[in-house]
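User: Please take a close look at a single part of this model. I want its setting, its partners and its neighbours.

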Amino acid sequence: MPRPKPVRYGLYPWTPEYGLRYIHPANRRSFEWLEPLGKVFEKIDETDEWILLRYDEQQFKVSPELFTELHQKPPFSFGDSVEESNPESGRPAHHGLISDVFWDEGADRARFQLVEKKRKLKRIFEAEDLRFA
């Protein structure tokens, strides 16, 4: 039985100004709505013509030309159950699932957004602010 391919993490800095040829026709509208700039994707498969990227629960076929692999794996990924490691005094810690992974180019690291009780929190967390629950 073949081993599953290792997941690769990377950026896909596509914007509408690039044109639509980079995005598979079946995924164009949903990929544009996602606004992929600055988001970390999981590269889960590839063919000669397309790569398959995952972002949270969505998958997209895109051209491999714009994909840039990250040199380090983010410490958390989509769906990971996490909790806030040091909440403000007198406030309970946030507990939730990773819903978004952003890349901070200036700091060269990932930042995270959570869904808690089916609601997306507005706050963006640094890796050191979270731990596995």
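Analyst: Buried means under 20% relative accessible area, exposed over 50%, and partly exposed in between (1.4 Å probe, protein chains only). This is a predicted model: local features need pLDDT of at least 70, side-chain atom pairs count only at pLDDT 80 or more, and totals for chains, interfaces and linings use all residues. Residues are numbered from 1 along each chain as its sequence is written, and side-chain values use heavy atoms, with hydrogens and water left out.

The part chosen here is strand β3, residues 51-55. Strands (E, at least two residues) are DSSP runs, numbered from the N terminus. Strand β3 is largely enclosed by the rest of the structure, because four of its five residues are buried.

Now its partners. Two strands pair if DSSP finds at least two bridges between them. Strand β2 (residues 40-46) runs antiparallel to β3, and four bridges join them. Here D45 stands opposite L52 of β3. The two strands form a hairpin, with four residues between them.

Strand β4 (residues 58-62) also pairs with β3. Five bridges join these two, again antiparallel. L53 stands opposite F60 in β4. This hairpin has two residues between the strands, and D56 takes a positive phi near 55 degrees.

In short, β3 is joined to β2 by four bridges and to β4 by five.
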